Amino acid sequence: MLKKHDVNNDGVLCWEEIKAVFNELGALFPWFRANRGLHYADANKDGVIDEDEKKDLVNYIYNLGYKVK
């Protein structure tokens, strides 16, 4: 699911792409979840989620109770 939302195929997820993930998951406020997910998973604080950080974003999504297919 995360790869699908990497619309520019640069290998990282920016805030807009993370927001689209939460929108597809049915979040009431996808912009808020994107902010929190970025804060939670962006270990190097460069403003994007890279390959090494994607597992942390997935953990954040699962901890919120979302089910990713």
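**Exercise 1.** Find which residues make the nonpolar surface patch of about 470 Å², and place Phe32 in its element.

*Solution.* Start with the patch: Leu28, Phe29, Trp31 and Phe32 make it. Patch residues have over 30% relative accessible area and no salt bridge, with nonpolar side chains (Val, Leu, Ile, Met, Phe, Trp, Tyr) joined within 5 Å. A salt bridge here is a side-chain nitrogen of Lys or Arg within 4 Å of a carboxyl oxygen of Asp or Glu, and areas come from the Shrake-Rupley method with a 1.4 Å probe. Next, locate Phe32 in helix H2, residues 30–41; helices are DSSP runs (H or I) of at least four residues.

A word on the model: it is predicted, local features need pLDDT of at least 70, side-chain atom pairs count only at pLDDT 80 or more, and totals for chains, interfaces and linings use all residues. Residues are numbered from 1 along each chain as its sequence is written, and side-chain values use heavy atoms, leaving out hydrogens and water.

**Exercise 2.** Decide whether Phe32 and Ala27 are buried, partly exposed or exposed.

*Solution.* Take the cut-offs: buried is under 20% relative accessible area, exposed over 50%, partly exposed in between. Phe32 has 37%, so Phe32 is partly exposed. Ala27 has 9%, so Ala27 is buried.

**Exercise 3.** Trace the contacts of Ala27 beyond four places in sequence.

*Solution.* First, find Ala27 in the loop between H1 and H2. With contact meaning heavy atoms within 4.5 Å, Ala27 meets Phe22, Arg33 and Tyr66. Finally, check the C-alpha atoms of Ala27 and Tyr66: they lie 8.9 Å apart in space, while the two residues are 39 apart in sequence.

Key:
Patch = residues over 30% accessible without salt bridge, like charges linked within 9 Å, V, L, I, M, F, W, Y side chains within 5 Å. Helix = DSSP H or I, 4+ residues; strand = E, 2+ residues; numbered from the N terminus. Buried < 20%, exposed > 50% of the residue type's maximum accessible area, 1.4 Å probe, protein only.
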